[in-house]
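Dear colleague,

Please find below the structure I promised to hand over, together with its sequence. My notes on what was found in it follow directly after.

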Amino acid sequence: MTEERTPSSCLSQFEELLQKVTFGRYKVKNAESIKSAQQQVFILTLVRVAQNNSKDLLQEIEPSGVGNCLIDACNRSNGRLVLRIWQGGARWWNLNSNGKDSCLLLANAEVAGYRLARKLFHLYYKSYHKGHSRDFPRICIPEVLLFEREGGGSNNNNPWAVFSYVKDMHVISEGTVLQNWQVCDEFIHDMVKVRKEFGFDEPHPRHGRVCVEHALEYAAHLLEDAIIPTHTIFFDIENENNAANESLREEIRDLNTNNFRRSGIAISYLDMVKLYQEKICQIIADRSSDCQNQSDRMGVFITTIEGFIEKLVSEAKTVDAFPLPSVLCHLDLQPQNMILCKSNNITSTAVPRVVSILDWEESCYAD
């Protein structure tokens, strides 16, 4: 039997654990809720506690333990951490449905996505970008400091995790502040709700889209800053001489076990097509058993969808004909899921650079 928990109970659980692993040296001073479409997210501010208990003062915090990781992350970000509490499991891989265990599967996959992405960027800058100067900051992926499910947490539908806080240029540049660069939110706020696409004015249901004038430059930045670094490593991942391979494979196994429940096997284009086929077959079966749901409109809808699926099956064959390595996919690289920055030396109309990628809810290992 799973138990539902409130955000306050998750926060209390973290506070108890924080006191335990730091021997009472730190506490949560403030928890600020920030906007999230499906989950609960809080910016935590931790402060040092004056201690009078001589026994606590003598206790040593384990250098490689959770307590030390939390303290180090706090020191780098002026006492701030991020608490993420999963409350929904709708995503691309389950056709946006909240079924049994979907929240747990999403949480497990997102944590694996953060960890794999952090390793990939680290390896890329170390192995492929070594000695190359950049005129803009490197991407900094938040570190998973604590995942409740791995610490013997109770069986519940609201897992939580604590991440490092990275919306700070000092943290992003790892202590070497790049002159004139600063975090920039204006680009996110200037997104358009209705954009002309394929000759029509297309509305966006939530955040909006990048305006047409900036779309090409934005896409080019994503390709250079995010896609190439994360995909490059996979072209070399089968090289047995690559010492980092086993570590990467571990994260890949965790990632896809929590998507299609297949350990270490990439999700293919055809896998999704088969999922669509299963769903349309279920719709047809349900309609056949429901005498009141026999409208011509529904029949036209089903026939149309079946035609689309046939075209996707043909398209899948062309993908198989030109195989490339499977890669880590984010699938939602919209500005709201990233931290952007801009140089004061660049004109105000320029598209900012990506310095962090967040919200790996849809992350997977796929073709």
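The side chain of Thr22 has a polar atom 2.7 Å from the backbone oxygen of Leu18. On its other side in sequence, a polar atom of the Thr22 side chain lies 3.5 Å from the backbone nitrogen of Tyr26. Please note that these values come from a predicted model. Thr22 itself is located in the loop between H1 and E1. With a relative accessibility of 0%, Thr22 counts as buried, because the cut-off for that class is under 20%. Setting aside residues up to four places away in sequence, Thr22 touches Ile61, Gly67 and Ile71.

Gly67 also takes part in the packing of two helices, H1 and H3. Helix H1 spans residues 7-21 and helix H3 residues 66-76; their axes are 8 Å apart and meet at an angle of about 105 degrees. The two helices are therefore roughly perpendicular to each other, since angles of 65 to 115 degrees fall in that class. H1 contributes Phe14, Leu17, Leu18 and Val21 to the contact, while H3 contributes Val66, Gly67 and Leu70. By character, the residues of this contact comprise 6 nonpolar, 1 polar and no charged.

A second loop residue deserves a paragraph of its own. Gln39 sits between strand E1 (26-34) and strand E2 (40-48). Its relative accessible area is 4%, and Gln39 is therefore buried. Two polar contacts of its side chain may be of interest to you:

- The side chains of Gln39 and Glu361 are joined by a polar contact of 3.0 Å.
- A polar atom of the Gln39 side chain lies 3.1 Å from the backbone nitrogen of Gly88.

Apart from residues up to four places away in sequence, Gln39 touches Arg84, Ile85, Trp86, Gln87, Gly88, Leu106 and Glu361.

The last residue in these notes is Val354, which belongs to strand E11 (residues 353-357). Is Val354 buried or exposed? Val354 is buried, as its relative accessible area is 1%. When neighbours within four places in sequence are left aside, the residues in contact with Val354 are Ile139, Leu222, Asp225, Met338, Ile339 and Leu340. Of these, Met338 is 16 residues from Val354 in sequence, and the C-alpha atoms of the two are 6.8 Å apart in space.

With kind regards

Notes. Residues numbered from 1 in each chain as written. Predicted model: local features only at pLDDT ≥ 70, side-chain atom pairs only at ≥ 80, totals over all residues. Heavy atoms only, no water. Helix = DSSP H or I, 4+ residues; strand = E, 2+ residues; numbered from the N terminus. Buried < 20%, exposed > 50% of the residue type's maximum accessible area, 1.4 Å probe, protein only. Contact = heavy atoms within 4.5 Å. Polar contact = N/O pair within 3.5 Å; in protein donor to acceptor, adjacent residues only side chain to side chain. Axes fitted to C-alpha atoms, helices over the stretch in contact; angles between N-to-C directions. Parallel < 35°, antiparallel > 145°, perpendicular 65-115°, else oblique. Nonpolar A, V, L, I, M, F, W, Y, C, P; charged D, E, K, R; others polar.
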